[in-house]
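Work through the exercises below with the sequence and the model open side by side. Each task is followed by a solution in steps.

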Amino acid sequence: MSTGYISSSISSVTNGPRQTNMELLRIIAMFLILTVHADFWSLGVPTRDECIFSPLSSTTRIFIESVSILSVNIFVLISGWFTIKASLKGFCNFIFQCVFFFIGIYILFICLGQCELSYDGIRICLLLTPKNWFIKAYIGLYILSPILNVFCEKSNQVQFTIVILAFFIFQTIYGMSGAAVYIEGGYSTFSFIGLYLLSQFIKRYVTDIYRWGGVMCIISVIANSILSYFLIIKTNVSIWFIFSYINPVVIIGSVGLLLFFSRLRIKTNRIINWIAASAFAVFLTHGNPNIGTPYFKPFIRQLYNNFNGIECIVMILIGLAAIFVFSILLDQPRKWLWNFISRYLPNYKL
């Protein structure tokens, strides 16, 4: 049995052996997802008054958001970099992990008296509400991956280039303007398809930009930080479009970080690979509807209000690290159960 199916989550649905440099990037991307949820999602966007009277705190938060917003795109880009190996067992593995955390945490909270069994609670666990968009968008990408893989293999460079250019021009114009609601600012399978194809295109045909990955990432972060601060200070325009996953500057930064890590030469590290195999559990824990809004956001706000300066950053980082470690450990029983269950499942590949 393939070890990828034993460890699973998103990290095991892609082709090829584990590369520690990319697994490390996967871990960093997940920590950045924790960070993006701890910043603007929990604390809100800095106001004009905050930027004027507390410039250091506000600019720090804007900078942190500019870095952490690269996270989700990186996850999808990694899938495209290695390509998804669609199979019945791999799909069931992903679904089982989601079920383990969503239904498991819901049952636990019912037993602890923190919530009641309800129709809405069951709907949330079954992903039948707008919440937890990423899971549904990734399932859509997973289903379409065999078609995307065939296109990547069969198309020539000219065809591929035309499709990539047309896709991102279309997405930028109609997605950033809100004129195509199904793009949903990047919160959709549609946008994931573009990132998946872009990653494959760069890997196949644009290898000469690999060495510029770090520069691309730095320019992206600085540009978004400066523009955000300027708009908050000088205008009443919402800056959420800057931190949209389809913002070309955000995409460039995500690609840059991917390329930077793709050039790193790190010896195989079992600990890093082991952690990365459970990284998606971090999202399923703190992003769980029974935890995220009721507990995670108030926890971050309390730390932010009780500490100042460097001490505040350190305390929040410690809190996020604790959540990360707890989630990884919580995923170990799930992996053991899946190892047992998967022995009885056929492995139909698509």
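The exercises that follow concern a predicted model.

**Exercise 1. Helix 11**

Task: Check the length of helix 11 against the expected span, then find which of its residues are buried and what they pack against.

Solution.
- Helix 11 covers residues 213–234, which is 22 residues.
- The expected span is 1.5 Å times one less than the number of residues, and for helix 11 this should come to 32 Å.
- The end C-alpha atoms of helix 11 are 32 Å apart, so the model agrees with the expected span.
- The buried residues of helix 11 are Gly213, Met216, Cys217, Ser220, Val221, Asn224, Ser225, Ser228, Leu231, Ile232 and Ile233.
- An α-helix has 3.6 residues a turn, so residues three or four places apart point the same way.
- The partners of the buried residues of helix 11 are helix 3 (48–53), helix 4 (55–68) and helix 12 (248–262).

**Exercise 2. The largest nonpolar core**

Task: Which residues touch the most other members of the largest nonpolar core, and which helix gives the most to this core?

Solution.
- The largest nonpolar core has 92 residues, and Met30, Ile135, Leu141 and Phe280 touch the most other members.
- Helix 2 (residues 20–43) is the element that gives the most to this core, with 10 residues.
- Take Leu141 as an example: not counting residues up to four places away in sequence, it touches Val76, Ile84, Leu148, Thr189, Phe192, Ile193 and Tyr196.

**Exercise 3. Threonine 20**

Task: Is threonine 20 buried or exposed, and what does its side chain reach?

Solution.
- Threonine 20 belongs to helix 2.
- Its relative accessible area is 2%; buried means under 20%, so threonine 20 is buried.
- A polar atom of the threonine 20 side chain lies 2.9 Å from the backbone nitrogen of asparagine 269.
- Beyond four places in sequence, threonine 20 touches Ile266, Lys267, Thr268, Asn269, Ile272 and Asn273.

**Exercise 4. An aromatic pair**

Task: Classify the ring pair of tyrosine 187 and tyrosine 245, and locate both residues.

Solution.
- The structure holds 34 aromatic pairs.
- In one of them, the rings of tyrosine 187 and tyrosine 245 have centres 5.2 Å apart and planes at 55°, so the pair is tilted.
- The pair links distant parts of the chain, 58 residues apart: tyrosine 187 is in the loop between helix 9 (157–176) and helix 10 (189–205), and tyrosine 245 is in the loop between helix 11 and helix 12.
- Tyrosine 187 has a relative accessible area of 36% and is partly exposed, whereas tyrosine 245, at 7%, counts as buried.
- Both tyrosines belong to a cluster linked by ring pairs, made of Phe94, Trp133, Phe134, Tyr138, Tyr187, Phe192, Tyr245, Phe280 and Phe283.

**Exercise 5. Charges over rings**

Task: Over which rings do arginine 61 and lysine 297 lie?

Solution.
- Arginine 61 lies over the face of tyrosine 304, 5.7 Å from the ring centre.
- Lysine 297 has its charged end over the ring of tryptophan 41, at 4.7 Å from the centre.

**Exercise 6. Serine 155**

Task: Which backbone atom does the side chain of serine 155 reach?

Solution.
- Serine 155 is in the loop between helix 8 (133–154) and helix 9.
- With 8% relative accessibility, serine 155 counts as buried.
- Its side chain reaches the backbone oxygen of phenylalanine 151 at 2.7 Å.
- Not counting residues up to four places away in sequence, serine 155 touches Phe160 and Tyr205.

**Exercise 7. Isoleucine 323**

Task: Place isoleucine 323 in the fold and list its contacts.

Solution.
- Isoleucine 323 lies in helix 16 (residues 309–341).
- Its relative accessible area of 18% makes isoleucine 323 buried.
- Isoleucine 323 is 38 residues from threonine 285 in sequence, and their C-alpha atoms are 8.3 Å apart.
- Neighbours within four places aside, isoleucine 323 is in contact with Leu34, His286, Phe296 and Phe299.

**Exercise 8. Positive phi**

Task: Where are threonine 83 and glutamate 184 found, and is each buried or partly exposed?

Solution.
- Threonine 83 has phi near 70°, a positive value in a residue other than glycine.
- Threonine 83 is in the loop between helix 5 (71–82) and helix 6 (88–111), and is buried at a relative accessible area of 14%.
- Glutamate 184 has a positive phi near 55°.
- Glutamate 184 is in the loop between helix 9 and helix 10, and is partly exposed at a relative accessible area of 47%.

Terms used:
Residues are numbered from 1 along each chain as its sequence is written. This is a predicted model: local features need pLDDT of at least 70, side-chain atom pairs count only at pLDDT 80 or more; totals for chains, interfaces and linings use all residues. Side-chain values use heavy atoms; hydrogens and water are left out. Helices (H or I, at least four residues) and strands (E, at least two) are DSSP runs, numbered from the N terminus. Buried means under 20% relative accessible area, exposed over 50%, partly exposed in between (1.4 Å probe, protein chains only). Contact means heavy atoms within 4.5 Å. A nonpolar core is a set of buried Ala, Val, Leu, Ile, Met, Phe, Trp, Tyr and Cys residues joined through side-chain atoms within 4.5 Å. A polar contact is a pair of N or O atoms within 3.5 Å; within protein, one must be able to donate a hydrogen and the other to accept it, and residues adjacent in sequence count only if both atoms are side-chain atoms. Rings of Phe, Tyr and Trp (its six-membered ring) pair if their centres lie within 6.5 Å; planes under 30 degrees apart count as stacked, over 60 as edge-to-face and the rest as tilted. A charge sits over a ring if NZ of Lys or CZ of Arg is within 6 Å of the ring centre and within 35 degrees of the ring normal.
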